[in-house]
Amino acid sequence: EDFEVLEEEEEEEEDLSELPPLEDVGRPAPPQEDTQPSEQAGGQVAEDPEEWLQVLGSGLLKKKTLVPGQGVDTRPHKGQNVTIRLKATLEDGGGSVVEENPALTFTLGDCDVLQALDLCVQLLEMGETALIVSDAKYCYGAQGRSPDVPPNAALTLEVELLAAQDAPDLELLSGKEKIELANRKRERGNFFYQQADYVLAINSYDIALKIIGSSSKVDFSSEEEAELLDVKVKCLNNLAASQLKLDHYEAALKSCNIVLEHQPENIKALFRKGKVLAQQGEYREAIPILKAALKLEPSNKTIHAELSKLVKKHADQKNMETEMYRKMLGNPSAAGTPGKYKDKLSWSIPWKWLFGATAIALGGVALSVVIAARN
């Protein structure tokens, strides 16, 4: 149901909802025709290169009309629910069919489907049938899709636009409809997370959270309210995991804190919050949070390992601070001072006293200069 969020992570790892989820094409400009024969993603030269439209101008995504549509004014808009007929084949010379769907429905612009479809369907006219040749970057990427789509596989997509209509009003959705819609967006975020595309994962989780948080004119049962909260917590936990992967620590911390407001003993949120604080060097704050998580699940080896690592780092940090204080104070421990008092002496002058004394001294010097100037 969920991907495992307590996975082992490498030691080296703001809310991205404002970033464009796809390449920023906006409302597509009139596509430019190729003037030179261009190679398809599979390495073959198109039969009619002048008919291929470069969607992004990079040669990685092309569209050719097979059956004309009903005019430019019938093109769908982002946010609408569109229905297409789809046939996807490998662009490897063999033409193996990897997907066929006579009526695939999705929200345009929400990254519910392959990016190649999200980018190109908005260029289709109603009733148009088109051939789309896409690099793996806009399909299943370096991960592929087991077992039928190998890594880095380009695809040829035959698409017909069947229908387009405005998405339903979120305020009028029943509890069951809202839960199903939010879960679809969450599952799409999980797909992107597994593909290591964390920006698009964040986009999908944000959409799911907006659906859950939208106002409603329909009364929900207590069971539906509880299920919506469960979906919200899952989205926030996975959102924090994605934000942590991108080193967006403040955003990840905010996501964890929202979960903990609802569920103070949520192990995944506690673990993520501890990880965020550790990445920020806040070992003193991170350690008790991870201890709380470990108390809830004593057998979790990942939390054990992370906590052990932080305790060691915190001890090293304290030793470095102690040595720094000794150097600043000129090694105050005299030769005859018993060893057991050395550490106490090195820590006996708090930072604020030391800085305060320095400030007073500097202030006195400044005052002396002013008085001398007046005289």
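The sulfur of Cys139 has its closest cysteine partner in Cys120, but the gap of 9.4 Å is too far for a bond. That is the picture in this predicted model, where the disulfide count comes to zero. A disulfide would need the two sulfur atoms within 2.5 Å, so the Cys139–Cys120 pair does not qualify. Cys139 itself is tucked away: its relative accessible area is 11%, so it counts as buried. Cys256 is buried too, at 1% relative accessibility.

On to the aromatic rings. Searching the whole structure turns up three aromatic pairs. One of them joins Phe191 and Phe192, with ring centres 5.5 Å apart and 65° between the planes, an edge-to-face arrangement. These sequence neighbours sit on either side of the burial cut-off: Phe191 is partly exposed because its relative accessibility is 23%, while Phe192, at 5%, is buried. Tyr193 and Tyr198 make another pair, and since their planes stand at 70° with the centres 5.3 Å apart, this one is also edge-to-face. Both of these tyrosines are buried. Ring pairs also tie Tyr140 together with Phe191 and Phe192 in a cluster.

Tyr198 deserves a second look. It belongs to helix α3, which covers residues 198-213, and its relative accessible area of 17% makes it buried. Leaving aside residues up to four places away in sequence, Tyr198 touches Tyr193, Ser242, Lys245 and Leu246. Its C-alpha atom lies 9.0 Å from that of Leu239, although 41 residues separate the two along the chain.

Next comes the helix packing. Helix α2 (residues 175-194) packs with α4 at an angle of about 20°, and their axes are 10 Å apart. With an angle that small, α2 is roughly parallel to α4. The α2–α4 crossing is left-handed. On the α2 side the contact residues include Ile179, Ala182, Arg186 and Tyr193, and they meet a set in α4 that includes Leu228, Val231, Cys235 and Ala241. Ser242 and Lys245 of α4 are also part of this contact, and both of those residues touch Tyr198 as well.

Helix α4 (residues 222-245) has a second partner in α6 (residues 267-279): here the axes come within 10 Å and cross at roughly 20°. So α4 and α6 are roughly parallel. In this case, too, the crossing is left-handed. From α4, the contact is made by Asn237, Ala240, Ala241 and Leu244, which face Lys268, Ala269, Arg272, Lys275, Val276 and Gln279 of α6. Ala241 thus appears in the contacts of α4 with α2 and with α6.

Finally, a few backbone oddities. Most residues other than glycine have a negative phi, and most peptide bonds are trans. Against that background, the bond from Ser146 to Pro147 is cis, with omega near 5°. Pro147 sits in the loop between β6 (129-134) and β7 (155-166). The β6–β7 loop also holds Asn152, a non-glycine residue with a positive phi of about 55°. Asn152 is exposed, with 57% relative accessibility. Ala196 likewise has a positive phi, about 65°, without being a glycine. This alanine lies in the loop between α2 and α3 and is partly exposed at 41% relative accessibility.

Terms used:
Residues are numbered from 1 along each chain as its sequence is written. This is a predicted model: local features need pLDDT of at least 70, side-chain atom pairs count only at pLDDT 80 or more; totals for chains, interfaces and linings use all residues. Side-chain values use heavy atoms; hydrogens and water are left out. Rings of Phe, Tyr and Trp (its six-membered ring) pair if their centres lie within 6.5 Å; planes under 30 degrees apart count as stacked, over 60 as edge-to-face and the rest as tilted. Buried means under 20% relative accessible area, exposed over 50%, partly exposed in between (1.4 Å probe, protein chains only). Axes are lines fitted to C-alpha atoms, for helices over the stretch in contact, and angles run from 0 to 180 degrees between N-to-C directions. Helices (H or I, at least four residues) and strands (E, at least two) are DSSP runs, numbered from the N terminus. Angles under 35 degrees count as roughly parallel, over 145 as roughly antiparallel, 65 to 115 as roughly perpendicular and the rest as oblique. A crossing is left-handed if the near helix is turned anticlockwise from the far one by less than a right angle, and right-handed if clockwise. Contact means heavy atoms within 4.5 Å.
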